[in-house]
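Hi,

Here is the structure I promised to pass along. Have a look at it first, and then read on for what I found.

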Amino acid sequence: SHQLTSALLPVLPLEHFPKCTVVVKVTILQDDGSCLSAAITAATLALVDARVDLYDLVTSCTVAIVQKDEHDNNDNNDNENDDNNCVYLVDPSEEETTGAQAIICLAMTP
């Protein structure tokens with residue numbers, strides 16, 4: 001909930017609501033690996049649907065960084081010091097996030 005709050009707080013003009021509390025509740029029915037990104041996007045759309053003033057919309061995307069398999073490397077590339085030994089998967093599944101070296105959730109305003 002802290003990550004969801006930190007993603008949405010910068011776009012809420014709180015000075016317009018001095019005596020109000022904005023409550024956003026998200027229910028996760030199934031986690032396929034990108035639930036935080038889906039929650040940020042759904043919460044933004046819920047605030048827009050409720051006609052809450054926002055500075056901008058928040059969109060989100062999850063990226064998983066996984067190690068390349070040995071058989072995925074090209075045979076003609078003999079450089080063992082290859083800096084590009086990772087694959088970046090956008091909107092990874094739960095299986096892909098399990099074996100990931102890192103998972104990044106990027107929330108931004110367009």
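Let me start with one residue: Asp91 is exposed, because its relative accessible area of 56% is over the 50% cut-off. Before going further, please keep in mind that this is a predicted model. Asp91 sits in the loop that links strand 2 (86–90) to helix 3 (94–98). On the surface, Asp91 belongs to a patch of negative charge, together with Asp31, Asp32, Glu94, Glu95 and Glu96. If you plan to look at charges, that patch is where I'd point your viewer.

Now for a contrast in helix 3. Is Thr97, which has its place in that helix, buried or exposed? Thr97 counts as buried, because its relative accessibility is 15% and the cut-off is under 20%. And what does Thr97 touch, once residues up to four places away in sequence are set aside? The answer is Gly33, Pro92 and Ile103.

Stepping back to the whole protein: there are 3 helices and 3 strands, and from the N terminus on they come in the order α-α-β-β-α-β. The protein has 110 residues, and 24% of them count as buried. As for contacts with a separation of 6 or more, 73% are between residues 24 or more positions apart. The accessible surface adds up to about 8300 Å², and carbon and sulfur atoms account for 50% of that.

That's what I have for now. Shout if anything is unclear.

Cheers

Definitions and conventions:
Residues are numbered from 1 along each chain as its sequence is written. This is a predicted model: local features need pLDDT of at least 70, side-chain atom pairs count only at pLDDT 80 or more; totals for chains, interfaces and linings use all residues. Side-chain values use heavy atoms; hydrogens and water are left out. Patches are made of residues with over 30% relative accessible area and no salt bridge: like charges are joined within 9 Å, nonpolar side chains (Val, Leu, Ile, Met, Phe, Trp, Tyr) within 5 Å. Accessible areas come from the Shrake-Rupley method with a 1.4 Å probe; for residues, only the protein chains shown count as cover. A salt bridge is a side-chain nitrogen of Lys or Arg within 4 Å of a carboxyl oxygen of Asp or Glu. Lys and Arg count as positive and Asp and Glu as negative; His and the chain ends are not counted. The place of a charge is taken as NZ of Lys, CZ of Arg, CG of Asp or CD of Glu. Helices (H or I, at least four residues) and strands (E, at least two) are DSSP runs, numbered from the N terminus. Buried means under 20% relative accessible area, exposed over 50%, partly exposed in between (1.4 Å probe, protein chains only). Contact means heavy atoms within 4.5 Å.
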